[in-house]
Amino acid sequence: MTEYKIASIPGDGIGVDVTIEARKVLDRAASLNGFSLRWTEFDWSCERFAETGRMMPEDGVSQLSAFDGIFLGAVGFPGVPDHVSLWGLLIPLRRAFAQYVNLRPVRLLPGTTSVLAGRSADELEMVIVRENSEGEYSQLGGRHNTGQPGEFVLQESVFTRVGVERIIRYAFELAKTRSGRVCSATKSNGLIHSMPYWDEIFAEIAAEYPDVHSEQCHVDALAARMVQQPDRLDVVVASNLFGDILSDLAAAVTGGLGMAPSGNINPPGEHPSMFEAVHGSAPDIAGQGIANPVAQVLAGAMMLDHLGEPGAARAINSAVEKVLADGSVTTPDLGGNSTTTDLGTAIADALT
(Lines give C-alpha, C1' and ligand atoms only; values in the text may rest on other atoms or scores of the structure.)
Protein backbone atom coordinates (compact mmCIF):
# COMPACT_ATOMS: atom_id res chain seq x y z
CA MET A 1 0.00 0.00 0.00
CA THR A 2 1.33 3.43 -0.96
CA GLU A 3 1.78 5.78 1.97
CA TYR A 4 2.08 9.54 1.63
CA LYS A 5 3.73 11.62 4.32
CA ILE A 6 1.68 14.76 4.94
CA ALA A 7 2.59 17.71 7.16
CA SER A 8 -0.53 19.16 8.77
CA ILE A 9 -0.40 22.77 9.98
CA PRO A 10 -3.91 23.57 11.32
CA GLY A 11 -2.96 27.19 12.06
CA ASP A 12 -5.36 29.45 13.92
CA GLY A 13 -9.07 29.95 14.53
CA ILE A 14 -11.36 27.91 12.33
CA GLY A 15 -8.30 26.56 10.53
CA VAL A 16 -8.10 24.05 13.39
CA ASP A 17 -11.81 23.23 13.21
CA VAL A 18 -12.00 22.59 9.48
CA THR A 19 -8.67 20.74 9.27
CA ILE A 20 -9.98 18.09 11.67
CA GLU A 21 -12.94 17.41 9.40
CA ALA A 22 -10.92 17.53 6.19
CA ARG A 23 -8.44 15.00 7.50
CA LYS A 24 -11.34 12.70 8.40
CA VAL A 25 -12.60 12.88 4.81
CA LEU A 26 -9.13 12.40 3.32
CA ASP A 27 -8.36 9.38 5.48
CA ARG A 28 -11.60 7.67 4.44
CA ALA A 29 -10.96 8.45 0.77
CA ALA A 30 -7.47 6.99 1.12
CA SER A 31 -8.71 3.78 2.73
CA LEU A 32 -11.33 3.32 -0.01
CA ASN A 33 -8.76 3.85 -2.75
CA GLY A 34 -5.92 1.66 -1.56
CA PHE A 35 -3.43 4.10 -0.08
CA SER A 36 -2.80 5.77 3.27
CA LEU A 37 -1.82 9.15 4.66
CA ARG A 38 0.71 9.45 7.47
CA TRP A 39 0.07 12.75 9.19
CA THR A 40 2.55 14.77 11.20
CA GLU A 41 1.05 17.81 12.91
CA PHE A 42 2.89 21.08 13.50
CA ASP A 43 1.66 23.77 15.91
CA TRP A 44 2.97 26.66 13.80
CA SER A 45 0.54 29.51 14.32
CA CYS A 46 -0.03 32.97 15.73
CA GLU A 47 -0.38 31.37 19.15
CA ARG A 48 3.13 30.01 18.75
CA PHE A 49 4.29 33.49 17.66
CA ALA A 50 2.84 34.99 20.85
CA GLU A 51 4.83 32.48 22.90
CA THR A 52 8.10 32.34 20.98
CA GLY A 53 8.25 35.36 18.68
CA ARG A 54 8.30 33.09 15.61
CA MET A 55 5.53 31.61 13.48
CA MET A 56 7.71 28.57 12.85
CA PRO A 57 11.16 27.48 14.07
CA GLU A 58 14.29 28.53 12.22
CA ASP A 59 14.64 25.08 10.68
CA GLY A 60 10.97 24.93 9.71
CA VAL A 61 11.65 24.65 6.00
CA SER A 62 14.07 21.77 6.45
CA GLN A 63 11.58 19.99 8.71
CA LEU A 64 8.97 20.04 5.94
CA SER A 65 11.24 19.23 3.02
CA ALA A 66 10.90 15.45 3.39
CA PHE A 67 7.10 15.46 3.23
CA ASP A 68 5.05 14.59 0.15
CA GLY A 69 2.58 17.40 0.80
CA ILE A 70 1.68 20.17 3.21
CA PHE A 71 -1.90 20.67 4.42
CA LEU A 72 -2.32 24.18 5.79
CA GLY A 73 -5.20 25.57 7.81
CA ALA A 74 -6.03 29.27 8.00
CA VAL A 75 -3.49 31.53 9.71
CA GLY A 76 -4.19 34.78 11.55
CA PHE A 77 -5.30 36.00 14.95
CA PRO A 78 -6.01 39.35 16.62
CA GLY A 79 -2.90 40.91 18.09
CA VAL A 80 -0.60 39.52 15.41
CA PRO A 81 -0.48 41.78 12.34
CA ASP A 82 -1.31 40.01 9.09
CA HIS A 83 2.02 40.89 7.50
CA VAL A 84 3.79 39.23 10.45
CA SER A 85 1.84 35.99 10.18
CA LEU A 86 2.06 35.80 6.38
CA TRP A 87 5.75 36.66 6.10
CA GLY A 88 6.52 34.42 9.06
CA LEU A 89 4.99 31.25 7.64
CA LEU A 90 3.04 31.13 4.41
CA ILE A 91 5.18 33.26 2.10
CA PRO A 92 8.54 31.80 3.23
CA LEU A 93 7.22 28.28 2.58
CA ARG A 94 5.92 29.22 -0.87
CA ARG A 95 9.30 30.62 -1.84
CA ALA A 96 11.54 28.04 -0.19
CA PHE A 97 9.69 25.24 -1.97
CA ALA A 98 9.39 27.11 -5.30
CA GLN A 99 5.59 26.92 -5.18
CA TYR A 100 5.35 29.43 -7.96
CA VAL A 101 1.81 28.51 -9.00
CA ASN A 102 -1.12 29.47 -6.82
CA LEU A 103 -4.01 27.54 -8.32
CA ARG A 104 -7.52 28.61 -7.34
CA PRO A 105 -10.38 26.76 -9.02
CA VAL A 106 -13.76 28.38 -8.40
CA ARG A 107 -17.18 27.03 -9.31
CA LEU A 108 -20.77 27.21 -8.21
CA LEU A 109 -21.41 24.02 -6.27
CA PRO A 110 -24.78 22.22 -6.09
CA GLY A 111 -27.08 23.46 -3.37
CA THR A 112 -25.43 26.88 -3.23
CA THR A 113 -26.42 30.16 -4.81
CA SER A 114 -24.44 32.95 -6.37
CA VAL A 115 -24.79 36.62 -5.57
CA LEU A 116 -25.17 37.03 -9.34
CA ALA A 117 -28.82 36.68 -10.24
CA GLY A 118 -29.80 34.34 -13.04
CA ARG A 119 -26.42 32.64 -13.45
CA SER A 120 -26.22 28.86 -13.71
CA ALA A 121 -23.43 26.58 -12.54
CA ASP A 122 -22.02 26.10 -16.04
CA GLU A 123 -21.57 29.87 -16.33
CA LEU A 124 -19.74 30.12 -13.01
CA GLU A 125 -16.65 27.98 -13.28
CA MET A 126 -13.14 29.27 -13.81
CA VAL A 127 -9.63 28.88 -12.46
CA ILE A 128 -7.23 31.61 -11.43
CA VAL A 129 -3.54 30.89 -12.09
CA ARG A 130 -1.68 33.33 -9.86
CA GLU A 131 2.06 33.92 -9.91
CA ASN A 132 3.04 33.02 -6.37
CA SER A 133 6.70 33.83 -5.77
CA GLU A 134 7.57 37.33 -7.01
CA GLY A 135 5.75 40.29 -8.59
CA GLU A 136 4.26 42.86 -6.27
CA TYR A 137 4.88 40.79 -3.12
CA SER A 138 8.52 41.69 -2.77
CA GLN A 139 10.65 42.50 0.25
CA LEU A 140 12.55 45.14 -1.68
CA GLY A 141 11.96 48.65 -0.41
CA GLY A 142 11.74 50.30 2.97
CA ARG A 143 10.58 53.19 5.13
CA HIS A 144 12.72 56.31 5.18
CA ASN A 145 12.87 59.48 7.29
CA THR A 146 10.59 57.82 9.82
CA GLY A 147 8.61 60.31 11.87
CA GLN A 148 9.82 63.26 9.83
CA PRO A 149 7.77 65.53 7.55
CA GLY A 150 9.55 64.00 4.59
CA GLU A 151 8.77 60.40 5.59
CA PHE A 152 8.24 58.05 2.66
CA VAL A 153 8.15 54.37 1.77
CA LEU A 154 9.31 52.42 -1.27
CA GLN A 155 7.75 49.12 -2.29
CA GLU A 156 9.40 47.51 -5.30
CA SER A 157 7.89 44.88 -7.60
CA VAL A 158 10.03 42.18 -9.16
CA PHE A 159 9.18 40.48 -12.47
CA THR A 160 11.77 38.08 -13.87
CA ARG A 161 11.58 36.49 -17.32
CA VAL A 162 11.81 33.04 -15.76
CA GLY A 163 9.01 33.81 -13.33
CA VAL A 164 6.65 35.36 -15.86
CA GLU A 165 7.29 32.77 -18.56
CA ARG A 166 6.69 29.76 -16.36
CA ILE A 167 3.40 30.97 -14.86
CA ILE A 168 1.99 31.99 -18.24
CA ARG A 169 3.06 28.73 -19.85
CA TYR A 170 1.44 26.82 -16.97
CA ALA A 171 -1.82 28.67 -17.70
CA PHE A 172 -1.71 27.77 -21.39
CA GLU A 173 -1.00 24.12 -20.65
CA LEU A 174 -3.92 24.08 -18.22
CA ALA A 175 -6.20 25.70 -20.79
CA LYS A 176 -5.41 22.88 -23.22
CA THR A 177 -7.06 20.47 -20.77
CA ARG A 178 -10.12 22.71 -20.33
CA SER A 179 -11.90 25.04 -22.75
CA GLY A 180 -8.82 26.30 -24.58
CA ARG A 181 -9.21 29.90 -23.38
CA VAL A 182 -6.75 32.06 -21.43
CA CYS A 183 -7.20 35.63 -20.27
CA SER A 184 -4.24 37.59 -18.94
CA ALA A 185 -4.83 40.20 -16.23
CA THR A 186 -2.70 43.26 -16.92
CA LYS A 187 -2.54 46.97 -16.18
CA SER A 188 -0.07 48.16 -18.80
CA ASN A 189 -1.83 51.48 -19.21
CA GLY A 190 -0.82 52.46 -15.68
CA LEU A 191 2.22 50.38 -14.66
CA ILE A 192 4.71 51.52 -17.24
CA HIS A 193 7.45 48.91 -16.81
CA SER A 194 6.19 45.72 -15.20
CA MET A 195 2.93 45.17 -17.04
CA PRO A 196 4.14 45.95 -20.60
CA TYR A 197 6.90 43.42 -19.87
CA TRP A 198 4.28 40.89 -18.72
CA ASP A 199 2.23 41.61 -21.87
CA GLU A 200 5.21 41.06 -24.16
CA ILE A 201 5.97 37.68 -22.65
CA PHE A 202 2.31 36.70 -22.73
CA ALA A 203 2.18 37.48 -26.46
CA GLU A 204 5.37 35.46 -27.08
CA ILE A 205 4.00 32.41 -25.32
CA ALA A 206 0.55 32.77 -26.88
CA ALA A 207 2.20 32.41 -30.29
CA GLU A 208 3.38 28.94 -29.21
CA TYR A 209 -0.24 27.86 -28.59
CA PRO A 210 -2.22 28.70 -31.75
CA ASP A 211 -5.06 26.39 -30.72
CA VAL A 212 -5.63 28.25 -27.45
CA HIS A 213 -7.67 31.44 -27.59
CA SER A 214 -5.84 34.16 -25.68
CA GLU A 215 -6.62 37.71 -24.73
CA GLN A 216 -5.27 40.45 -22.47
CA CYS A 217 -7.57 42.46 -20.27
CA HIS A 218 -6.87 45.32 -17.88
CA VAL A 219 -7.48 44.08 -14.38
CA ASP A 220 -10.15 46.66 -13.56
CA ALA A 221 -12.13 45.76 -16.67
CA LEU A 222 -11.55 42.08 -15.91
CA ALA A 223 -13.02 42.52 -12.43
CA ALA A 224 -16.13 44.01 -14.03
CA ARG A 225 -16.33 41.17 -16.55
CA MET A 226 -16.08 38.62 -13.74
CA VAL A 227 -19.31 40.05 -12.35
CA GLN A 228 -21.12 40.95 -15.56
CA GLN A 229 -19.97 38.22 -17.97
CA PRO A 230 -18.36 35.39 -15.97
CA ASP A 231 -19.23 32.88 -18.69
CA ARG A 232 -16.58 34.53 -20.91
CA LEU A 233 -13.81 33.46 -18.53
CA ASP A 234 -12.14 30.11 -17.94
CA VAL A 235 -8.39 30.26 -17.20
CA VAL A 236 -7.22 33.61 -15.87
CA VAL A 237 -3.49 34.16 -15.39
CA ALA A 238 -2.31 37.03 -13.24
CA SER A 239 0.54 38.47 -11.23
CA ASN A 240 0.78 37.92 -7.49
CA LEU A 241 -1.29 40.93 -6.42
CA PHE A 242 -3.83 40.86 -9.24
CA GLY A 243 -4.31 37.12 -8.85
CA ASP A 244 -4.84 37.48 -5.12
CA ILE A 245 -7.60 40.04 -5.57
CA LEU A 246 -9.29 38.41 -8.58
CA SER A 247 -9.40 34.97 -6.97
CA ASP A 248 -11.26 36.31 -3.94
CA LEU A 249 -13.70 38.11 -6.24
CA ALA A 250 -14.22 34.93 -8.25
CA ALA A 251 -14.88 32.97 -5.07
CA ALA A 252 -17.36 35.60 -3.89
CA VAL A 253 -19.45 35.35 -7.07
CA THR A 254 -19.44 31.53 -7.01
CA GLY A 255 -20.74 30.91 -3.52
CA GLY A 256 -18.30 32.54 -1.11
CA LEU A 257 -14.83 32.03 0.32
CA GLY A 258 -16.06 29.17 2.48
CA MET A 259 -16.30 27.03 -0.66
CA ALA A 260 -12.98 27.90 -2.33
CA PRO A 261 -9.81 25.77 -2.13
CA SER A 262 -6.33 26.58 -3.37
CA GLY A 263 -3.01 24.94 -4.04
CA ASN A 264 0.50 26.34 -3.84
CA ILE A 265 2.11 24.17 -6.49
CA ASN A 266 5.69 23.25 -7.27
CA PRO A 267 4.99 21.89 -10.78
CA PRO A 268 8.26 19.92 -11.24
CA GLY A 269 7.62 18.04 -7.99
CA GLU A 270 11.10 18.80 -6.66
CA HIS A 271 9.60 20.13 -3.42
CA PRO A 272 6.36 19.54 -1.54
CA SER A 273 3.32 21.52 -2.60
CA MET A 274 0.98 23.09 -0.07
CA PHE A 275 -2.83 23.12 -0.05
CA GLU A 276 -5.18 25.40 1.86
CA ALA A 277 -8.64 26.96 1.92
CA VAL A 278 -8.88 30.50 0.60
CA HIS A 279 -10.81 31.77 3.62
CA GLY A 280 -9.26 33.31 6.71
CA SER A 281 -9.12 32.10 10.30
CA ALA A 282 -12.38 33.80 11.42
CA PRO A 283 -11.41 33.89 15.11
CA ASP A 284 -14.84 35.28 16.02
CA ILE A 285 -16.46 31.89 15.31
CA ALA A 286 -13.54 29.59 16.10
CA GLY A 287 -14.38 26.65 18.33
CA GLN A 288 -18.12 27.18 17.98
CA GLY A 289 -18.60 24.27 15.59
CA ILE A 290 -20.25 26.35 12.87
CA ALA A 291 -17.41 26.83 10.36
CA ASN A 292 -17.90 25.43 6.87
CA PRO A 293 -15.24 22.75 6.17
CA VAL A 294 -15.96 22.41 2.43
CA ALA A 295 -13.08 24.62 1.21
CA GLN A 296 -10.56 22.70 3.33
CA VAL A 297 -11.99 19.38 2.16
CA LEU A 298 -11.71 20.47 -1.47
CA ALA A 299 -8.15 21.65 -0.85
CA GLY A 300 -7.46 18.13 0.35
CA ALA A 301 -8.92 16.75 -2.87
CA MET A 302 -6.55 19.00 -4.81
CA MET A 303 -3.67 17.61 -2.75
CA LEU A 304 -4.62 14.00 -3.51
CA ASP A 305 -4.91 14.76 -7.21
CA HIS A 306 -1.47 16.39 -7.14
CA LEU A 307 -0.03 13.35 -5.35
CA GLY A 308 -1.24 11.11 -8.18
CA GLU A 309 -4.52 9.88 -6.69
CA PRO A 310 -7.10 11.39 -9.07
CA GLY A 311 -9.68 8.72 -8.31
CA ALA A 312 -9.77 9.64 -4.63
CA ALA A 313 -9.88 13.33 -5.53
CA ARG A 314 -12.86 12.80 -7.83
CA ALA A 315 -14.60 10.77 -5.14
CA ILE A 316 -14.23 13.61 -2.62
CA ASN A 317 -15.52 16.18 -5.10
CA SER A 318 -18.51 13.95 -5.87
CA ALA A 319 -19.22 13.42 -2.17
CA VAL A 320 -19.17 17.17 -1.53
CA GLU A 321 -21.56 17.77 -4.43
CA LYS A 322 -23.88 14.99 -3.26
CA VAL A 323 -24.12 16.30 0.29
CA LEU A 324 -24.59 19.92 -0.76
CA ALA A 325 -27.19 19.01 -3.38
CA ASP A 326 -29.14 17.03 -0.78
CA GLY A 327 -29.15 20.09 1.47
CA SER A 328 -30.10 18.33 4.70
CA VAL A 329 -26.67 18.83 6.30
CA THR A 330 -25.41 22.38 5.87
CA THR A 331 -23.64 24.88 8.11
CA PRO A 332 -25.14 28.28 8.98
CA ASP A 333 -23.33 30.11 6.17
CA LEU A 334 -25.24 27.88 3.75
CA GLY A 335 -28.55 28.49 5.46
CA GLY A 336 -28.57 25.39 7.66
CA ASN A 337 -27.99 24.64 11.32
CA SER A 338 -25.60 21.70 11.14
CA THR A 339 -22.21 21.74 12.81
CA THR A 340 -18.76 21.60 11.28
CA THR A 341 -18.50 17.99 12.45
CA ASP A 342 -21.92 17.11 11.01
CA LEU A 343 -20.95 18.34 7.55
CA GLY A 344 -17.51 16.72 7.65
CA THR A 345 -19.03 13.39 8.70
CA ALA A 346 -21.73 13.58 6.03
CA ILE A 347 -19.10 14.11 3.32
CA ALA A 348 -16.97 11.24 4.65
CA ASP A 349 -20.02 8.94 4.77
CA ALA A 350 -20.95 9.90 1.19
CA LEU A 351 -17.65 8.60 -0.17
CA THR A 352 -17.88 5.43 -2.21
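Me: Contact means heavy atoms within 4.5 Å. In this predicted model, which residues does alanine 325 touch, not counting residues up to four places away in sequence?

Reply: Alanine 325 has its place in helix H10. With residues up to four places away in sequence left out, the residues that alanine 325 touches are Pro110 and Gly111.

Me: What distance separates the C-alpha atoms of alanine 325 and glycine 111?

Reply: Glycine 111 is one of the residues touched by alanine 325. Along the chain the two are 214 residues apart. Their C-alpha atoms are nevertheless separated by 4.5 Å.

Me: How are helices H10 and H11 oriented to each other: roughly parallel, roughly antiparallel, roughly perpendicular or oblique?

Reply: Helix H10 covers residues 310–326 and helix H11 residues 340–350, and their axes lie 8 Å apart at an angle of about 120°. Roughly perpendicular runs from 65 to 115 degrees and roughly antiparallel begins over 145. The angle of about 120° falls in neither range, so the two helices are oblique.

Me: Which residues of H11 make the contact with H10, and how many charged residues does that contact have?

Reply: The crossing of the two helices is right-handed. H10 contributes Ala319, Val320, Lys322 and Val323, while H11 contributes Leu343, Ala346, Ile347 and Ala350. Lys counts as charged. By class, the contact has seven nonpolar residues, no polar ones, and for charged residues the count is one.

Me: Which residues have the most contacts inside the largest nonpolar core?

Reply: In soluble globular proteins, nonpolar side chains tend to be buried together. Here the largest nonpolar core has 81 residues. Apart from this core lies another, of 17 residues, among them Trp44, Met56, Phe67 and Leu72. In the largest core, the residues with the most contacts are Ile168, Leu304 and Ile316.

Me: Which residues is leucine 304 in contact with, leaving aside neighbours within four places in sequence?

Reply: Leucine 304 is among the residues with the most contacts inside the largest nonpolar core. Leaving aside neighbours within four places in sequence, the contacts of leucine 304 are Leu26, Ala29, Phe35, Leu37, Glu309, Pro310, Ala312, Ala313 and Ile316.

Me: Is alanine 98 buried, exposed or partly exposed?

Reply: Alanine 98 is in the loop between helix H4 (82–96) and strand E4 (101–107), and its phi is near 50°, a positive value in a residue other than glycine. Buried means under 20% relative accessible area and exposed over 50%. At 26%, alanine 98 is therefore partly exposed.

Me: What value is phi of alanine 282 near?

Reply: Alanine 282 is in the loop between strand E12 (273–277) and helix H9 (294–306). Its relative accessibility is 24%, which counts as partly exposed. Phi of alanine 282 is positive, in a residue other than glycine, and is near 40°.

Methods
Residues numbered from 1 in each chain as written. Predicted model: local features only at pLDDT ≥ 70, side-chain atom pairs only at ≥ 80, totals over all residues. Heavy atoms only, no water. Core = buried A, V, L, I, M, F, W, Y, C linked by side-chain atoms within 4.5 Å. Buried < 20%, exposed > 50% of the residue type's maximum accessible area, 1.4 Å probe, protein only. Axes fitted to C-alpha atoms, helices over the stretch in contact; angles between N-to-C directions. Helix = DSSP H or I, 4+ residues; strand = E, 2+ residues; numbered from the N terminus. Parallel < 35°, antiparallel > 145°, perpendicular 65-115°, else oblique. Left-handed = near helix turned anticlockwise from the far one by under 90°.
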